[in-house]
Amino acid sequence: MIKDLSCSIHVKKNIVNELNTNKVSGTYILYGNDKNRLFEIALAFGKSLNCEVLKNDFCGQCESCIRMEKGTHGDLELVVGENGIKIESIRNLIYRASTSAYEGKNKIFILKDIENMRIPASNALLKTLEESQKGNFFFLLTTSLNILSTIKSRSTIIKISEMKREELGVSLEEYEFFNRKAMEILEYKKQNFNIESPVDYFNIGKFMKVYFIDKNLENKINIYKSLRYFVNNLKWSSKIDILYFIDEIVMNLSEKNFLNEILEYVASLNSPNLNLENILKAKNRLRIPINIKALLIKIFIKKNI
Ligand SMILES: [Zn+2]
């Protein structure tokens, strides 16, 4: 149910209010820095709009809710693109948006990483939103509001603000270790993982490899730790060691999107060993095809030359 979502009371109220307006179609921009949570909330909207038991909320147990959760619901369409959604994906979406719902209720379209979408795809999406028919609900997930203003003006923007440390009940160290990501923090609390014990940061490639397979938070914690120790020791590291570390990341980066998370995490460390502006610039460049190794060298080495 909505009351059980891992987000602040303010956001929950916002969701409930939106659902209670009983719109017949809609476009929402869910905006915040915790991508997993944006998705969780979009899915909660989707479940609530299709739940067989509850109105304007979701039970989590009916056939529709279960299939939404598993991603197998006939009227749930997930649109993703590693470096921004492609125009071909939008064309598929246009087709799906023009057909009627398989299961008779609402069609839910969740589009991830809207901030990386290029202009032609954005324009095609805008057209789809303008011509959208009854029963279509679009959820555009983004970490930045730097998107086409005409899309913004057509959407209800909901800011998914961070959950406060007090709401999560963790120490400042824990809160910052996870870069304030509520879902990871809640999972960490449940599993009682160790965030203190050191790891050999040269193993970052191995940690990434395993994480991409099992998506286990424990491996993500090892990646965080590796980045943290590496950055903290950057001043004393030789260029050869730094290049080795960079190579490990580049060679094991089977999910390109993950680089964005790495840069975000490195920026959150706020280390005097790094130039924050360089990292933010690098993050912006991820929208276009780039040489990742050169990008990381710029962040980790250039500053020390
Ligand atoms: Zn349900």
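The following exercises, each with a worked solution, concern a predicted model.

Residues are numbered from 1 along each chain as its sequence is written. In this predicted model, local features need pLDDT of at least 70 and side-chain atom pairs count only at pLDDT 80 or more, while totals for chains, interfaces and linings use all residues.

**Exercise 1. The domains**

State how the chain is divided into domains, and describe the contact of domain 1 with domain 2.

Solution. Step one is to list the domains, whose bounds come from an automatic or database domain assignment. They are domain 1 (2-159), domain 2 (163-188) and domain 3 (197-304).

Step two is to locate two of them: the C-alpha centres of domain 1 and domain 2 are 26 Å apart. To their contact, domain 1 gives 7 residues and domain 2 gives 6 residues; two residues are in contact if their C-beta atoms, placed from the backbone, lie within 7 Å.

Step three is to classify the side of domain 1 that touches domain 2. Ala, Val, Leu, Ile, Met, Phe, Trp, Tyr, Cys and Pro count as nonpolar, Asp, Glu, Lys and Arg as charged, and the others, Gly among them, as polar. On that side there are 1 nonpolar, 3 polar and 3 charged residues.

**Exercise 2. The sheet**

Give the order of the strands in the open sheet, and work through their pairing.

Solution. Strands (E, at least two residues) and helices (H or I, at least four) are DSSP runs, numbered from the N terminus. Two strands pair if DSSP finds at least two bridges between them.

Step one is the order: the open sheet has 5 strands, arranged β2-β3-β4-β1-β5, with parallel pairing. At the edges stand β2 (76-79) and β5 (156-159), each of which pairs on one side only. Neighbouring strands are turned by 20° against each other on average, direction ignored.

Step two follows individual pairs.

- β2 and strand β3 (residues 107-111) run parallel and are joined by 4 bridges; Leu78 stands opposite Ile110 in β3.
- β3 and β4 run parallel and are joined by 5 bridges; Leu111 stands opposite Leu140 in β4.
- Strand β1 (residues 26-31) pairs with β4 in the parallel sense over 6 bridges; Tyr28 stands opposite Phe139 in β4.

Step three asks: is strand β4 (residues 136-142) buried or exposed? A residue is buried if 20 or more other C-beta atoms lie within 10 Å of its own, exposed if 12 or fewer, and partly exposed in between, with C-beta atoms placed from the backbone. In β4, 7 of the 7 residues are buried, so the strand is largely enclosed by the rest of the structure. Both of its faces are covered: one side has Asn136, Phe138, Leu140 and Thr142, and the other has Phe137, Phe139 and Leu141.

**Exercise 3. A pair of helices**

Describe how helix α4 (residues 87-98) lies against helix α5 (residues 119-130).

Solution. Two packed helices are described by the angle between their axes and the distance between the axes. Axes are lines fitted to C-alpha atoms, for helices over the stretch in contact, and angles run from 0 to 180 degrees between N-to-C directions.

Step one gives the values: the axes of α4 and α5 come within 9 Å and cross at roughly 10°. Therefore α4 is roughly parallel to α5; angles under 35 degrees count as roughly parallel, over 145 as roughly antiparallel, 65 to 115 as roughly perpendicular and the rest as oblique.

Step two names the residues. From α4 come Ile87, Ile90, Arg91, Leu93, Ile94 and Ala97, and from α5 come Pro120, Ala121, Ala124, Leu125 and Thr128. They divide into 9 nonpolar, 1 polar and 1 charged.

Step three looks at two of these residues. Ile87 of α4 is partly exposed, with 17 C-beta neighbours inside 10 Å. Beyond its neighbours within four places in sequence, Ile87 is in contact with Pro120, Ala121 and Ala124. Pro120 of α5 counts as exposed, with 11 C-beta neighbours inside 10 Å.

**Exercise 4. Positive phi**

Compare the surroundings of Asp113 and Lys215.

Solution. Most residues other than glycine have a negative phi, and most peptide bonds are trans. Step one is the angle: phi is near 50° for Asp113 and near 55° for Lys215.

Step two is the place. Asp113 lies in the loop between β3 and α5, and Lys215 in the loop between α10 (204-214) and α11 (217-232).

Step three is burial. Asp113 is buried, with 23 C-beta neighbours inside 10 Å, whereas Lys215 is exposed, with 9 other C-beta atoms within 10 Å.
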